[in-house]
Number of protein chains: 4
Amino acid sequence: MTAPSEPTATATPTHGPTHWVLSLSCPDRPGIVAAVAGLLASHGGNITESQQFGDPLSGLFFMRVQVEATAPEATLRAALDALGAEFSMTWRLDVAGRRMRTLVMVSTAAHCLHDLLFRQQSEGLPVDIVAVVSNHTALEDVAGFYGIPFHHVPVTRDTKTDAEARLLGLVEELDVELVVLARYMQILSDDLCRTLSGRVINIHHSFLPSFKGARPYAQAHDRGVKLIGATAHYVTGDLDEGPIIEQDVERVDHSKKVEDLVALGQDVERRALARAVRWHAEHRVLLDGHRTIVFR
Amino acid sequence: MTAPSEPTATATPTHGPTHWVLSLSCPDRPGIVAAVAGLLASHGGNITESQQFGDPLSGLFFMRVQVEATAPEATLRAALDALGAEFSMTWRLDVAGRRMRTLVMVSTAAHCLHDLLFRQQSEGLPVDIVAVVSNHTALEDVAGFYGIPFHHVPVTRDTKTDAEARLLGLVEELDVELVVLARYMQILSDDLCRTLSGRVINIHHSFLPSFKGARPYAQAHDRGVKLIGATAHYVTGDLDEGPIIEQDVERVDHSKKVEDLVALGQDVERRALARAVRWHAEHRVLLDGHRTIVFR
Amino acid sequence: MTAPSEPTATATPTHGPTHWVLSLSCPDRPGIVAAVAGLLASHGGNITESQQFGDPLSGLFFMRVQVEATAPEATLRAALDALGAEFSMTWRLDVAGRRMRTLVMVSTAAHCLHDLLFRQQSEGLPVDIVAVVSNHTALEDVAGFYGIPFHHVPVTRDTKTDAEARLLGLVEELDVELVVLARYMQILSDDLCRTLSGRVINIHHSFLPSFKGARPYAQAHDRGVKLIGATAHYVTGDLDEGPIIEQDVERVDHSKKVEDLVALGQDVERRALARAVRWHAEHRVLLDGHRTIVFR
Amino acid sequence: MTAPSEPTATATPTHGPTHWVLSLSCPDRPGIVAAVAGLLASHGGNITESQQFGDPLSGLFFMRVQVEATAPEATLRAALDALGAEFSMTWRLDVAGRRMRTLVMVSTAAHCLHDLLFRQQSEGLPVDIVAVVSNHTALEDVAGFYGIPFHHVPVTRDTKTDAEARLLGLVEELDVELVVLARYMQILSDDLCRTLSGRVINIHHSFLPSFKGARPYAQAHDRGVKLIGATAHYVTGDLDEGPIIEQDVERVDHSKKVEDLVALGQDVERRALARAVRWHAEHRVLLDGHRTIVFR
């Protein structure tokens, strides 16, 4: 049994029921849904939305439940602790709709940062962006316009360790739950990837076929691709190869220049990233080895 | 409590567990999932896939469960009967993957019929097409190629009642569970719609904006639309207005002639219809008033 | 022959060739392309991109050419004047890539305004937004962040005529070529529509089927649609029925609440509007009665 | 100047004008469009549709024109020969809408063959499928249903040369202009690829990221991709790397099994292949090195 190590929400104390989201995974075996649903029912819970999936390959079972319950949080957590132990379960309980504390890392490209900030403010993206961190200063005014603190953390080969320490310091100090690499053009160290495992989302252009090396849009143009895409994924030590959360594509044709492809790519990048961040913040994404289960 | 009136499957008797799909709806209240999951667990059931949804507007709760269970079918059904009575539940139990007995009605357009027959044979569309019924003879050879009995049932204003009686006769005689109107250009009577309520799927072109009256593709062309679409829906007395199961669109431009729009429309029609038929046959579509819940 | 009444570009005088975009339409007859291409060739023109379309229904011919030419602008215009007279041609000559002077009208919804401003700044959307006009003050800071003058022009039943006069005053004073209604929730008068005919683009939500009246997203939710869409179109006196420039859709399902549909609708609205504005600003959209020819 | 070596159409002699499609490419320089349009106009031609593109990277110019002309075919061809010599032009003249003589190669998967045969018969796909060739006999009845001659040409390591010779024999004997590899699971020899260069279209599954080796769908499933795709391309010696004509994708999620991915992949394969074949048969695809120009 593993209780989540990340900071979790505490429901605002009110007299009515609280709307919870519970997500969990455990080795598959008969009786899990019955046990979870029974626990929730015995605590005055009314399930409003629920999805389950048993993966025959990994032998794991995944579940996400939204439930309105009247029981005090501590009572609910204690009951889940006991159940979790019985089923070797990893679980997480959060208040539905709570905004996840998020740190966004950028370099100089503004499109993803703009999009996330706008969606947080106006489209109900359930994140609370508490800091923008960048190795450049180009986007300081964008953060400023939305009233978000901006931290300039330059990175050179020599200062990378210090820079990552400073990032980790911010993560701890600000109770950051999610780090979004919104076109942050630096590779995180393996150590940092491990420390923040499952809590860092990256957005990466992607193409059919895939192109390695520098200037992928130029390669895609040269090859005459008819689709350009983007992949949002969790970051692991193996850059651009972490578990995929969302992918999307945009249609292009021969008349598009490399800079047109880049502009269209920005569009699909921000779209895919915003979806991935929303699903993560709503606890809809569960890890199944190097795959994701996404209960959209 | 309403047990389904349509013919249902009987599991092949084997020594191992049977893979069931259970779908249900009932007035929402606490404890439904716990009760259902508890019932399944107490009958040796292992849930492999499950989805729930509570609609705050209608106050109804919907659930679809795939479960491997060792209990005999009769025992399971008796337990579900009792539970269904307690929760005022409409439920349906079927063997997962069983091919639904289906009758396809056509006029002269071949694209949807071809597509369904091909997907049944080669893509695992879980239907058993037991008859093709048409008011024309143009598609007799298509049915014949796939070895499906073809019934020519002409319809005129005077013979409409007789023709519908003959259709109903076939539905009963052949234990038909699903009727697909695959570009069948006749309007079913209100009586027939009521008799077969929830068991007839139609495919209908659709456009933004929508066009009433004859020659919709010509109207769409004249209006210069940039998308053409198709809607698959259950048939009610109110033609083309029944609960929507699936919609899809295809992009067009000014260079397309009316006949090009028709050809592209056929493509999107057969795609949307095939998805709707698959989801219905897999018991993924539940009715929520005049909306559908689709557990894809 | 009609020379365009809107302000047009003047090429920066340099010693190299200028990159022009020429768009035209006229009654179809043999020899148009030969005449146009001949004229351009005789003025040292090298065609880099060109598209034509003859509409058999309207009997009109449409053409868009990008051409690098060394001849002075006045010489080119004089030659086109003569050719235009011969072929009863409406034509427009502009410097390729010139930013079109644009006025954006909004009420309180920020998504389209944000998107246009961002794309102008960062994605090469070839417009120069010279003013934001609103009947509210909610979006003044957004305009301010991008350094765009903001004009608050309240509209009541009594002041509508004055407000439209003020808008027209701004259009003239600022040499505005394009007015974008970016979720501007006021209906323009027929007089204004006529005055600005072909120069006003609106974005409108749209659905399959279409819903009339207030709260269309609530109606779409109630009906259980599986797609929501948006249509960008020229404004005519007949609101929401002007010539369609672009349409797009987004997939939804039963689990989405009305506010989710609204948020997804905003996404597809800004995408469709940005494309329509780009194509218009690049002279890719030509009017063919109440249809558009879009040379993408 | 290179006149096309493939068989070309001869217009049915009538008294009215013939509707031609002319496609061409040549080194870019001023005056090409004027010369071509002038030639057509001087032969009584009325251009109904036309597209051009100058590729700044390759320095080549591409053009596709549909034109109604009254001049006799021989006169037109002679004039084009002279023009082609002047501009070092590769050109092709064909009757618009003529069905291109096509040979389809298959192994055991039926979906693409079915789709092409159906679209030829019912959706106006402008091909005349004159033979189906297979290294298996599984699809003989499909060809038979549509009345297409079926040729069983087994391939083993020892007989590959003979088998390819037999294929080439059929291509010559039947005046085949286009060979479609519709899930033909054999690799053509480099010699054959060269001989039929630009006349063989293949359909290939494709993924983000791409997977090499056997069982790509299993790899994609294992990796948890959210999109599966297909690429239609010309065949060169470098298998699966020839010039791309069309690409498309389909959305998938974690609940799909490998066989579901395969079925969805078949859908996107047949869609992408049908579009590529249509565009090729309508002379909309021109080669620009290892890219394609597609005048859709």
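**Chain symmetry, the B–D interface and a sheet shared by chains A and B**

In this predicted model, chain B can be laid on chain D with an RMSD of 0.0 Å. The operation is a turn of 180° with a shift of 0.0 Å along the axis. That is the relation of a two-fold axis. Within chain B, the C-alpha nearest this axis belongs to B:Phe145, at 3.4 Å from it.

The two copies also touch. Contacts involve 19 residues of chain B and 19 residues of chain D. Of the interface residues of chain B, 100% are also interface residues in chain D, so the copies meet through the same surface. The size of an interface is often given as the accessible area lost when the parts come together. Between chain B and chain D the buried area is about 1,800 Å². Carbon and sulfur atoms give 48% of that area. In chain B, the residues that lose the most area to chain D are B:Phe118, B:Glu123 and B:Phe145. Together they make up 31% of what that side buries. B:Phe145 thus appears twice in this account: its C-alpha is the one in chain B nearest the axis, and the residue is among those losing the most area.

Polar and charged pairs also cross the interface of chain B and chain D. There are 6 salt bridges. One of them links B:Asp267 to D:Arg119, with the closest N and O atoms 2.7 Å apart. Polar contacts join 8 residue pairs, both residues being at pLDDT 80 or more. On the chain B side, three elements give two or more residues to the surface touching chain D: helix 3 (111–122), helix 4 (140–145) and helix 8 (258–281).

Chains A and B are connected through a sheet. This open sheet has 8 strands in the order 4(A)-1(A)-3(A)-2(A)-2(B)-3(B)-1(B)-4(B), with antiparallel pairing. Strand 4 (90–95) of chain A and strand 4 (90–95) of chain B stand at the edges. Each has a single partner strand, so one side of each is left without a neighbour in the sheet. Neighbouring strands are turned by 10° against each other on average, direction ignored.

Within chain A, 9 bridges join strand 2 (residues 46–55) to the antiparallel strand 3 (residues 60–69). Here A:Gln51 stands opposite A:Arg64 of strand 3. Helix 1 (residues 32–42) of chain A packs on the sheet. This helix touches strands 1 (18–27), 2 and 3 of chain A, together with strand 2 (46–55) of chain B. Its direction makes about 15° with that of strand 3 of chain A. Helix 2 (residues 73–87) of chain B also packs on the sheet, touching strand 1 (18–27) and strand 4 of chain B. The direction of helix 2 makes about 165° with that of strand 4 of chain B.

Definitions and conventions:
Residues are numbered from 1 along each chain as its sequence is written. Chains are lettered from A and ligands numbered from 1 in the order in which they are written. This is a predicted model: local features need pLDDT of at least 70, side-chain atom pairs count only at pLDDT 80 or more; totals for chains, interfaces and linings use all residues. Side-chain values use heavy atoms; hydrogens and water are left out. Two strands pair if DSSP finds at least two bridges between them. Helices (H or I, at least four residues) and strands (E, at least two) are DSSP runs, numbered from the N terminus. Axes are lines fitted to C-alpha atoms, for helices over the stretch in contact, and angles run from 0 to 180 degrees between N-to-C directions. Contact means heavy atoms within 4.5 Å. Copies are superposed by least squares on the C-alpha atoms of residues with pLDDT of at least 70 in both. Buried area is the accessible area (1.4 Å probe) that two parts lose on being put together, summed over both. A salt bridge is a side-chain nitrogen of Lys or Arg within 4 Å of a carboxyl oxygen of Asp or Glu. A polar contact is a pair of N or O atoms within 3.5 Å; within protein, one must be able to donate a hydrogen and the other to accept it, and residues adjacent in sequence count only if both atoms are side-chain atoms.
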